Amino acid sequence: DTQAFTMAQKQLSVIVPTYNETENIRPLCERLFKATREANLEVELLIMDDESSGTPETERIVKALQSEGYQARIHVRRRGEGRGLSSAVLMGFDKAKYPNIMCMDADLQHEPEAVPAVADPVLNGDAEFTVGSRNVGGGGLGFDWAFHRRMISAAATMLAAPLTSSTDPMSGFFCTNAQVLARGRERCNPIGFKVGLEIMARCRCHPVQDVGITFRERVAGESKLTMKQNFQYLQQLAMLYWDRYAPLILLLVVLSVYLLYHLATVLLY
C-alpha cells in the first residue's frame, strides 16, 4: 500500500480542453513534459477537443507528438457528445489514466512550468484541491490586463466567496483527485466556463490550497469570454448557492413571508 501511494504521488493526468488551438498544442506539450520530467512526475496529456475546423490538424499534431515519445492522446468530441469547456473537462477527468487530475488552458496563459507546483499539495495529500492563483504570494499578471476585465474578475470572485476559500475561484488551472471528484461528480452541472468552482463547491473540497502563478498573455487564439458566459456564471452561482445553502435560503424565505404577513396585519388592523 505504501508503495502504491508513493507511485500515485508521482502520477498525474493533465486535461486540456481545446477548440481551434492548433498553434499551441506542440509548445504546450513540449514545455509540460520538460517541466514534469525535471520534477520526476509521470504524466499523461489528454487533449479534449471540441470538433472544429482545426480538429484534423490538432489530431495530426498529437499523432506526431506520440511518435516522438510523448505520452499524449486526444479525444475529439463530435457534436453529438456535447459542447463547452466544463463538460469537456469533466469528460476528460472521467477518461483520465491516473487518479490525480489537473485542468489547464491550451492558450499558454497557464505556464506549463507551473504544473508541478500546482499539483504538489494534491500529490502529497496536503490538499484536496489546489488552484493556480493570481492573487496570492508569488502570483500575478504577466501583462497589462484591461481595467474592465480586472473589475469583472474582482466582482466574480467576490460573488463566489461564500462558496470557496480560494482567492481565485475563476481560475481554470487546478488539480484534485478522482476520489474527491467522485463525492460530487453526479451533481456537477457543466454550465459555463467555471468548472473548477463547480467542483470545489459540489464536492465540498477541503482543504483548498492556492498556489501562486503568473497569468500570462495569450500566445495564440482568441478569448472565449462573452456576455452569454457572464450570464451563465450567474446561473451557475445561483445553483451552487442553492446546493450549499438550500435549508438556510428556505428558512429566510419563510421568515420573510411571516414578517410581511405580520406587518400587513398590523397595518390593516
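The protein exposes about 13,700 Å² of accessible surface, and carbon and sulfur atoms supply 58% of that area. These values, like those that follow, are computed from a predicted model. Beneath this surface, 47% of the 269 residues count as buried. The charges can be described in similar terms: the protein carries 28 positive and 30 negative charges, and the mean positions of the two sets are 3 Å apart.

The overall architecture comprises nine helices and nine strands. The radius of gyration is 21 Å, close to the 18 Å that the globule rule gives for 269 residues, so the protein is as compact as a globular protein of that length. Along the principal axes, the C-alpha atoms fill a box of roughly 85 × 45 × 40 Å. The contacts within the chain add to this description. Among those between residues at least 6 apart in sequence, 79% join residues at least 24 apart.

One residue may serve to illustrate the local arrangement. Gln11 belongs to strand S1, which covers residues 11-18. Is the residue buried or exposed? With a relative accessible area of 11%, Gln11 is under the 20% cut-off and is therefore buried. Its surroundings can be named individually: once neighbours within four places in sequence are left aside, Gln11 is in contact with Glu42, Tyr98, Pro99, Asn100 and Leu123. With Glu42, the side chain of Gln11 also forms a polar contact of 3.4 Å, joining the side chains of the two residues.

Technical notes:
Residues numbered from 1 in each chain as written. Predicted model: local features only at pLDDT ≥ 70, side-chain atom pairs only at ≥ 80, totals over all residues. Heavy atoms only, no water. Helix = DSSP H or I, 4+ residues; strand = E, 2+ residues; numbered from the N terminus. Rg over C-alpha atoms; globule rule 2.2 N^0.38 Å. Buried < 20%, exposed > 50% of the residue type's maximum accessible area, 1.4 Å probe, protein only. Contact = heavy atoms within 4.5 Å. Areas by Shrake-Rupley, 256 points an atom, 1.4 Å probe, with all protein chains shown as cover. Lys, Arg positive; Asp, Glu negative; His and termini not counted. Charge placed at Lys NZ, Arg CZ, Asp CG, Glu CD. Polar contact = N/O pair within 3.5 Å; in protein donor to acceptor, adjacent residues only side chain to side chain.
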